[in-house]
Amino acid sequence: MVLALAPLALKALIDRLAGTQGEGTRSFALLDHHVLLLALVYVGALCLGRLLSDFRPLLVAAAEQRLHARLSRRLFGHVLGLPASFHLDRQTGALAHSLTQATTATQVILSALMQALPLAIELGTVVLVLAHLGQPQLVAIFLISGVAYAVIYRGGTLRIRRRGKVVAQGSLAAQAFLADSMLNVETIKCFSAEGVVRQRFIALTEALQSGWVDLHRQRAGLAAASTAVFAVAVTASFVVSLEAVANGTLSVGGFVLTTVYILQMVRPLDTLGGAVRDIGQAIEFIEPARRILDEQVEHAHQRDSAGTQGSKLPSRPLDIRLSGVHFSYAQGTTVLCGLDLHIPAGGTMAIVGPSGSGKSSIARLLLGLIQPTAGQILFGERPLHETCLGDIRAAIGYVPQDVVLFDDTIANNVAIGMPQASQAEVEQACRLAKVHDLIRAQPDGYNTRVGERGLKLSGGERQRIAIARALLRRPSMFLFDEPTSALDSRTEAEVVHDLRRICAGRTTIMITHRLTVARHADRIALLQDGHAVEVGTHQELLLHNGTYARLHRLQAGAEGTAANDGDAGTAT
Ligand code: ADP
Ligand code: MG
């Protein structure tokens with residue numbers, strides 16, 4: 001706006017000078033201070049315009065940083081609330097990169113808008129001044145070139161958006177592959193797969209590179225087209241204003257003014273077009289993050305939404321009932337079909353069954369990470385789907401089959417579910433999980449960092465930290481998924497002994513393939529073909545002489561002759 005008005009001062013200055021020509025030095029001296037004033041106004045207007053545009057980034061930076069922080073928090077919070085089904089399909093590298101892409105793209109949009117808005121005002125000023133000069137042809141040239149810019153930028157932006165999409169996708173694919181490779185770097189090394197992996201990464205980056213080149217080719221094409229419009233518009237305006245000066249309808253100052261304006265008008269038009277182009281391109285880079293934000297969060301994180309909140313879950317142990325539960329991850333692959341199980345309040349049920357029979361899926365169902373396709377799960381009288389998942393998860397102490405830890409200290413990993421726990425409580429939980437002495441032996445004790453995913457610890461150590469983590473919360477129910485699979489027989493026996501004591505009186509589900517662990521449960525369910533084929537106590541199932549009894553004989557034989565009834569030194 002200031003820049004747009006500056007030439008007005010220049011026009012007045014030139015007209016003044018032109019008017020004094022030939023009147024001698026005396027009158028010129030009289031006008032001296034007027035001329036000087038006009039010159040100062042012109043320079044002042046130019047400087048102010050420059051300063052404003054130079055200071056704009058400072059103002060914009062604060063807004064951009066606020067936007068970045070808000071967007072990151074929103075996306076992070078949203079992703080945390082998304083259901084397990086989303087996370088199963090998620091590519092960690094792509095997810096993280098989509099946030100970076102979206103933030104950068106939002107900044108591009110923001111700065112394009114910040115540029116475009118003052119330019120829109122500047123353009124309006126230019127049109128008004130041109131109209132007041134009484135030169136309709138110039139206004140027409142201005143408007144026609146405006147339309148020409150609109151047409152070429154529209155087509156160009158569409159083409160750039162298509163390329164932008166390819167680049168955004170390619171960049172996500174490369175980042176996803178990078179993160180996945182880093183997570184599997186040990187496997188890559190052990191299988192000498194560095195070459196293969198590197199080749200795949202090269203292919204991805206080459207595709208990305210050619211995508212960028214293609215995108216910039218489109219941008220260059222668009223720039224060439226807009227330069228052509230510029231050349232035609234400026235030439236036409238020169239012709240028209242020179243003619244007007246010749247006819248005497250335009251003063252010399254007016255000629256300079258129109259010339260400056262025509263040059264000055266093209267810049268904002270061009271910049272406006274550029275802003276539209278950049279916004280179009282940026283939209284494609286925001287798209288992946290927008291798709292994530294469109295995903296529905298699980299109802300655990302919508303406590304206030306209708307029907308999901310209800311009253312809080314009682315803190316006493318509840319009975320757990322699965323009735324007619326069907327489940328499949330994808331169409332055509334049935335994991336559970338008509339599973340009926342009842343675990344009385346305070347009782348312990350072991351679930352055994354062949355690998356892949358759906359044992360871990362039952363754990364995920366109980367935690368509300370996945371939903372049954374048919375049937376019902378009840379905690380006490382309360383159907384799971386009508387209960388706040390946050391409450392359910394708070395009531396259950398869960399030890400997963402595959403333990404993954406945070407890249408943090410051991411103490412923080414143990415206290416993740418109960419951050420207010422004291423050091424003494426953390427240590428007590430670790431003692432019960434038979435991991436306290438091991439932790440004390442670490443160089444930094446409880447402050448030892450475990451590395452990404454806890455990879456600096458052994459599988460058995462991770463497993464015991466997971467047990468300690470669950471015990472620390474003192475939940476009313478326990479859900480163990482193969483909690484001792486990575487432990488040696490002796491440690492397993494000790495841990496199981498302690499667990500039996502801790503779990504007494506709390507509803508407990510013990511998923512295990514070790515019958516030495518299962519046999520202590522009040523009841524055992526053998527899972528096969530999607531439902532419980534045998535349910536009873538250890539003795540009942542042995543008497544039944546079915547699959548359980550056969551498995552028992554098999555494991556007893558495999559565990560050697562140390563004990564004659566299959567306890568094999570792990571008796572507790
Ligand atoms: P278990 O714990 O008894 O070994 P799971 O419950 O982990 O078995 O898995 C049951 C079946 O579901 C298996 O056939 C497995 O391949 C399949 N499965 C497990 N997780 C997924 C998943 N995220 N997507 C698709 N199929 C899965
Ligand atoms: Mg499993």
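Which residue in β5 is the bridge partner of leucine 378? In this predicted model, that partner is proline 383. The pair belongs to the contact between β4 and β5, which is antiparallel and runs over 2 bridges. The two strands make a hairpin with 2 residues between them, and glycine 380, sitting in the turn, shows a positive phi of about 65°.

Zooming out from the hairpin, β4 and β5 are part of an open sheet of 4 strands, ordered β2-β1-β4-β5 and paired antiparallel. The edges are taken by β2 (336–343) and β5 (382–383); each has a single partner strand, so one side of each goes without a neighbour in the sheet. Helix α9 packs on this sheet, where it touches β1, β2 and β4, and its direction makes about 115° with that of β1. Further in, strand β1 (residues 320–327) is joined to strand β4 (residues 374–379) by 5 bridges, again in antiparallel fashion. Two facing pairs help to place the register: leucine 322 is opposite isoleucine 377 in β4, and histidine 326 is opposite alanine 374 in β4.

As background, the strands of a sheet pair through backbone hydrogen bonds, and they can do so either parallel or antiparallel.

There is also an open sheet of 6 strands, and here the pairing is mixed, with the order β6-β7-β8-β3-β9-β10. At its edges stand β6 (396–399) and β10 (531–536), each with a single partner strand, which means that one side of each is left without a neighbour in the sheet. Leaving direction aside, neighbouring strands of this sheet are turned by 15° against each other on average. At the β10 end, strand β9 (residues 523–528) pairs with β10 over 5 bridges in the antiparallel sense; isoleucine 524 has glycine 536 as its bridge partner in β10.

What packs on this sheet? Helix α18 (residues 547–558) does, touching β3, β9 and β10, with a direction at about 95° to that of β9. Helix α9 turns up here as well: it lies across β3 (348–352), β6, β7 (477–481), β8 (507–511) and β9, running at about 150° to β7. So much for the sheets; α9 also matters for the ligand site. 

Helix α9 (residues 359–366) gives the most to the shell around ligand 1, contributing 4 residues. The full shell consists of Leu88, Tyr329, Val335, Pro354, Ser355, Gly356, Ser357, Gly358, Lys359, Ser360, Ser361 and Arg364. By class, these split into 4 nonpolar, 6 polar and 2 charged residues. Polar backbone atoms of the protein come up against oxygen atoms of ligand 1 at serine 357, with a distance of 3.2 Å, at glycine 358, with 3.0 Å, and at lysine 359, with 2.8 Å. Ligand 1 exposes 560 Å² when taken alone, and the protein buries 62% of that.

Conventions:
Residues numbered from 1 in each chain as written. Chains lettered and ligands numbered in written order. Predicted model: local features only at pLDDT ≥ 70, side-chain atom pairs only at ≥ 80, totals over all residues. Heavy atoms only, no water. Near = heavy atom within 4 Å. Polar contact = N/O pair within 3.5 Å; in protein donor to acceptor, adjacent residues only side chain to side chain. Areas by Shrake-Rupley, 256 points an atom, 1.4 Å probe, with all protein chains shown as cover. Nonpolar A, V, L, I, M, F, W, Y, C, P; charged D, E, K, R; others polar. Pairing = 2+ DSSP bridges. Contact = heavy atoms within 4.5 Å. Axes fitted to C-alpha atoms, helices over the stretch in contact; angles between N-to-C directions.
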